[in-house]
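Biologist: I'd like to go through this model with you, one question at a time. Could you walk me through your reasoning as we go?

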Amino acid sequence: MKMSPNAKCVANHARLDFLPMLFGDDFVLAEQHMFHYAQRFCCDYDGGFWQFYTLPNGGGYMAPTTERVVFSSLNGFEAEISGDAAGIILTALVLNHRCWLHHEQGDDELAEHFILRAEQLRSAIDDHPESHAILLALD
């Protein structure tokens with residue numbers, strides 16, 4: 001599976017700490033949104049194990065362990081990409097969605113957390129072997 005060269009897979013013993021690190025106090029609902037978005041945008045997605053990755057800048061993302069997936073986004077992008085690339089796209093979409101939600105609800109602290117995580121993820125996209133497809137899907 002193609003993956004970001006700087007991403008580090010989270011060890012099994014550290015998995016419980018990952019989602020609160022990535023999504024803050026909103027981790028339960030944000031994780032549910034990840035699965036919902038996967039069903040919505042990844043053709044033939046039917047659940048499965050997800051891997052967690054940290055980035056050197058403090059950010060991270062989660063990705064389904066499937067090798068390849070057909071990803072179809074609302075902007076007209078449709079392509080077969082790696083599960084890792086799909087995970088980056090899905091994580092970016094959920095970070096954006098949750099940021100706007102918490103901003104609208106007046107929770108500036110959590111909105112700022114999501115902004116930081118989105119910026120950290122965005123800065124790692126250029127190093128990914130499928131950066132072009134990831135950016136097209138997010139455009």
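Biologist: Which residue does Asp 26 meet in a salt bridge?

Modeller: Keep in mind that this is a predicted model. Side chains of opposite charge can pair when their charged atoms come close. Here the N to O distance is 2.6 Å, and the cut-off for a salt bridge is 4 Å. The partner of Asp 26 is Arg 98.

Biologist: How many residues apart are the two in that pair?

Modeller: Asp 26 sits in the loop between helix H1 (15-23) and helix H2 (27-41). Arg 98 belongs to helix H3. The salt bridge therefore links distant parts of the chain, and the two residues are 72 residues apart.

Biologist: Is Asp 26 buried or exposed? And what about Arg 98, buried or exposed?

Modeller: Buried means under 20% relative accessible area. Asp 26 comes out at 6%, and Arg 98 has 4%. Both values fall under that cut-off, so Asp 26 is buried and Arg 98 is also buried.

Biologist: Let's move to another pair. Which residue forms a salt bridge with Glu 80?

Modeller: Look at strand S6 (residues 78-82), where Glu 80 lies, and then at strand S5 (residues 68-72). The closest N and O atoms of the pair are 3.3 Å apart. This salt bridge ties together parts that are 12 residues apart in sequence, because one partner is in S6 and the other in S5. The S5 partner is Arg 68.

Biologist: Which residues are linked with Arg 68 in a network of salt bridges?

Modeller: We already have the bridge between Glu 80 and Arg 68. Arg 68 also meets Glu 130 in a salt bridge, at 3.7 Å from N to O. That second pair links distant parts of the chain, since Glu 130 is in the loop between H4 and helix H5 (131-138), 62 residues from Arg 68. The residues networked with Arg 68 are Glu 80 and Glu 130.

Biologist: How does Glu 130 count, buried or exposed?

Modeller: Arg 68 counts as partly exposed, at 37% relative accessibility. Glu 130 has a relative accessible area of 8%. With the cut-off at under 20%, Glu 130 is buried.

Biologist: Now the pockets. Which element gives the most residues to the lining of the largest pocket?

Modeller: The largest pocket has a volume of about 270 Å³. Of its 17 lining residues, the closest to the centre are Leu 95, Asn 96, Cys 99, Phe 114 and Ala 118. Two elements give two or more residues to the lining, namely helix H3 (83-104) and helix H4 (108-125). The one that gives the most, with 9 residues, is H4.

Biologist: And by class, how many nonpolar residues does that lining have?

Modeller: Sort the lining residues of the largest pocket by class. You get 2 polar and 3 charged residues. The nonpolar count is 12.

Biologist: Which side chain makes a polar contact with the side chain of Ser 73?

Modeller: Ser 73 is in the loop between S5 and S6, and it is buried at 11% relative accessible area. Leaving aside neighbours within four places in sequence, Ser 73 touches Phe 41 and Ala 137. The polar contact is at 2.5 Å, and the partner is Asn 75.

Biologist: Last one: what is the phi of Asp 44?

Modeller: Most residues other than glycine have a negative phi. Asp 44 is not a glycine, yet its phi is positive. Asp 44 is in the loop between strand S2 (42-43) and strand S3 (50-54), and it counts as exposed at 76% relative accessibility. Its phi is about 70°.

Definitions and conventions
Residues numbered from 1 in each chain as written. Predicted model: local features only at pLDDT ≥ 70, side-chain atom pairs only at ≥ 80, totals over all residues. Heavy atoms only, no water. 1 Å grid on protein atoms, 1.4 Å probe; cavity = no way out; pocket = protein on both sides within 12 Å on 5 of 7 lines; lining within 4 Å. Points joined across faces, edges and corners; volume = space filled by probe spheres on them. Helix = DSSP H or I, 4+ residues; strand = E, 2+ residues; numbered from the N terminus. Nonpolar A, V, L, I, M, F, W, Y, C, P; charged D, E, K, R; others polar. Salt bridge = Lys/Arg side-chain N within 4 Å of Asp/Glu carboxyl O. Buried < 20%, exposed > 50% of the residue type's maximum accessible area, 1.4 Å probe, protein only. Polar contact = N/O pair within 3.5 Å; in protein donor to acceptor, adjacent residues only side chain to side chain. Contact = heavy atoms within 4.5 Å.
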